[in-house]
Structures are given as structure tokens and as C-alpha cells.
Amino acid sequence: MPVRGSLRALALVLVSATALVAPAAPAHSVAPVERNVVLRWNEALLSAVRSGTLGPPMVARALAVVHTCAYDAWSAYDAVAIGTRLGGSLRRPETERTEANRAEAISYAAHLAAVDLYPAQRAGFDALMTELGYDPAAPTSQPARTGLAACQAVLDHRHGDGSNQLGGYADTTGYAPVNAPMVVADPLTSVADPSRWQPLTYRNRAGVLVTPPFLAPHWGGVASFTGRARDLADAVPAPAAYGTHAYRAQAAEIVSLTAGLTDRRKAIAEYWADGPSSETPPGHWSLFAQRVSARDGHGLDEDVKMFFALANSVMDAGIASWEAKRDHDSVRPITAVRFLYRGRQIPTWGGRVIDGATWTPYQAPTFPTPPFAEHVSGHSTFSAAAAEVLRRFTGGDAFGGEAVIAKGSSLVEPGVSPAHDVTLRWPTFTEAADQAGLSRRYGGIHFLAGDLQGRALGKAVGAAAWERAQAYWSGRG
């Protein structure tokens, strides 16, 4: 049944080829079945993400840190697997390798990581520990000590990984945009370099006039899981430059695409937006993984490995896509379209005809375009990487996901769009990832090349992360 309210309150339903296997539930919640501690800590972290202000690449890293801590703690109770930082040095005797000890070690590790990443959310993390039967203030058992030792080694590494977490993730490169900010409410008259990124000034959801800076321009320098993220990003072709036919063609395509939006395409654009107060794109795929766990009847061992591989793939996707974004510093559609079509009447979404200098993407006016360069699409890269890992982990591409977008639930055209409930379906992981990338073109956020090259980059990142994760749990390191 459709979910009422905003697009963040959607139902995600997984179906098999012949039957429904999980009931619809609001706000992406997990079906009411017994959930292991990996799922519980994943949910707790996503709750913190929704309440926090970290951007997509930081969220991806946070997911990776928590799930790596969980995996490293678990590996001490496995006969073969080795940890990412301490190898097999924490391995416990066979007599201690029980489900209960695994769960306890994972929980102490995940709690330590979660508090480190989201200290303001500590009360919620402490409450989960209490609910699980553990005392975070008294880590006296062997599993507790093992989990904390495993996680502390991960945190020690990540505190010096180039993210500048301890400095509030502030830029360490001295980046400055070449273009002065554009006031979104005013027509664009000129721009210094139409090939380069331009900051935007607009009123956010609190009604405050803001000009967000480029988010984390240093992120390409973060240490990646595989050690290959930057190399893969450096192979991405450059975007079209101002003055070329390709530059004009990509802007014309965006104008045409957004002018011809149907209710279904609008729903796709908004469903995948994953902006402020959401799980963000990396967290979106973490939700999908929870549904895969329920669909396939995972136990603790399967989930700790799946989320370990998945989370590190999206972390590396963030590093790789931000390396490309910073390297190319490329123009967003809102600048290119306004610059090329200023003073000309053009069609746009909603059946309107406007001066091109005032064109806006099909996005909520309180978040018209994310504050970082266009090329490549983060959505495309995150989603393709995640889909590649889930495809390899499950042994096939079958997904069977769907979401119902309620009538009138649009944040862009509230009460108007969609005119009727719209159901989005993804038979495969690949189709879900492709739609995530396409959604940014429907929304007027990315050009065709940024989407397609992001998909290719993400697939390569996902394959590399899968191989690396598999080497750890196979004992090869």
C-alpha cells in the first residue's frame, strides 16, 4: 500500500519471482523479523546519519569504519578469516567461537566505532547496547576486550587516513572556486569560467540564506580500502569543455529531458535524491542490503561479510568519485544551462516556458543542487559499486525490490505530483543502480557523461572491493 507523507517515508518491498517475501513498511524500516547484531548496528548508524549533517562521502566512510570494526571483531572468532589491521593476532580458541561471543565482540566494536563517528548520538548507541544485554561502561569479558582491541586498531588507522575526521572533515587542500556564487533566485548574467563549478546561494529548509562550499575537496586523498580508488578515478575521461559541441549538446539534452518529465520520471528523480536528513546514497544501498539479508535468510556470519564488503565498496566509491570531481572541478547543469540559454525562452518542467537564465533543476528549492562538482556522478558511482558487490555476494543479479511513491508526495510539486501512486520496481541490482544514475539526469543534476562514466567507475571500484574483502575472510589478506 502507498505510504503517505514525504518521499523519505516510502515503502520498500522485496518480492521473489513468484511471491511477496516482505511486507511494505514505512520509512525504509526492516521487516519485523529477528535481526542479528550486524543489522541492528547498521540500523543504529543509519539513524545517526539521518539526524546528522555529514555528506555522502563521509557517510560512506562511517559505514565502512563501523562494518570494518564489526568484521575485524568477528574474524577473531573464525577459523580462517583475518582482520584488516591486526591480521590473525586476535584469534580466539575454537572453544570460544560461539554465536554469543561473536555477537558480543561485534557489538562492543560497533559501539566504539559509532560513538567515535557520531559522538552526539551516543545515548542512542548506549541504549542499543543495553537492549542487547551489554554494558558499554564495563567491557570486562573476553569478547568485549577482543572487539574493542580490533576496533581501536581500525580507528587508529582511520584517524590518520586523510579524511581529517578529527578536524571536522575540513578541507586540507586550500581549494577555492574560480566562480563567484550564483544567487539561485536571480537570473544568471555571467560566469567567469563556464566549464568550472560554481557555488550556489539559496534558502535552506530553515529559511536561512546559505552558500555551501565545495563539500570535502580533499576527499580523493583519503586512504581507500583497496588502495586503488584514486588510480581508477584518474582513468575517467574528462568532461566536455565550454566552447565544444559536446558541452552545448549535454546542456540541450538536460533542457529537453527536464521539460519532458512524466510523473514516473519525476518520482524517480525524487525517490533517489537522498538529500539532507536522509540515509544519503551510500546508506540507501545499506538499506537494500538489509532487505537482501531478510530475503536470503542470512545469519550473522553472512551479514558481517556482506556489509563489510558493501560498506568498503561505497567508501572507495566516494573516494574515487570525489577525486574525479575535484580533479575536473566541472560545471553543474544549473550553471551551464543558465549561461548558454540566458535571454532565451526555453521549456521546462511543469509545462512552463521561462528565460533560460532562471532555469532550475527538478529538485526541492531548499536544496537545488549538491555543493560539489558534477563530473562524475556520486549517485552513479556509489550505486554501481554497491550493486556489483551485492551481485557477487548473492551469486546473481536478481533483486526484486520495489517502492511505492504516494500520490501528491512530491517535495518539488507538493500535492501535485505524482497525480497517482507510482510503483518503482527493480528486478535486478543492476537495474536499481542504473535507475539511481538516471535519476540525477531526470532531476537536472548530472549530464549523461557524468552518469555513465560514474557507473563504469563504480563497477570497477565494486569489483576491486569485492576481491579485497574476499581475500580477508578467506585468510589471504
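In this predicted model, the structure holds 29 aromatic pairs, and a few of them, together with two charged side chains placed over rings, are followed here in turn. Among the pairs is the one formed by W41 and F125, whose ring centres are 6.4 Å apart and whose planes meet at 40°, so the pair counts as tilted, given that stacking would need planes under 30 degrees apart and an edge-to-face arrangement would need over 60. This contact joins distant parts of the chain, since W41 belongs to helix α1 (residues 37-51) and F125 to helix α4 (residues 122-132), with their positions 84 residues apart in the numbering. Both partners, W41 and F125, are buried.

A second pair, F399 with F429, has its ring centres 5.0 Å apart and its planes at 25°, and it is therefore stacked. Here a strand meets a helix: F399 lies in strand β7 (residues 398-405) while F429 lies in helix α13 (residues 429-442), so the pair ties together parts that are 30 residues apart in sequence. F399 and F429 are likewise both buried. These two phenylalanines also belong to a wider arrangement, in which ring pairs link Y271, W272, W285, F288, F399, W426 and F429 into a cluster.

Aromatic faces in this model also meet charged side chains. K325 lies over the face of W322, at 5.3 Å from the ring centre, and R352 is placed over the face of W349, at 4.4 Å from the centre of that ring.

How values were computed
Residues are numbered from 1 along each chain as its sequence is written. This is a predicted model: local features need pLDDT of at least 70, side-chain atom pairs count only at pLDDT 80 or more; totals for chains, interfaces and linings use all residues. Side-chain values use heavy atoms; hydrogens and water are left out. Rings of Phe, Tyr and Trp (its six-membered ring) pair if their centres lie within 6.5 Å; planes under 30 degrees apart count as stacked, over 60 as edge-to-face and the rest as tilted. Helices (H or I, at least four residues) and strands (E, at least two) are DSSP runs, numbered from the N terminus. Buried means under 20% relative accessible area, exposed over 50%, partly exposed in between (1.4 Å probe, protein chains only). A charge sits over a ring if NZ of Lys or CZ of Arg is within 6 Å of the ring centre and within 35 degrees of the ring normal.
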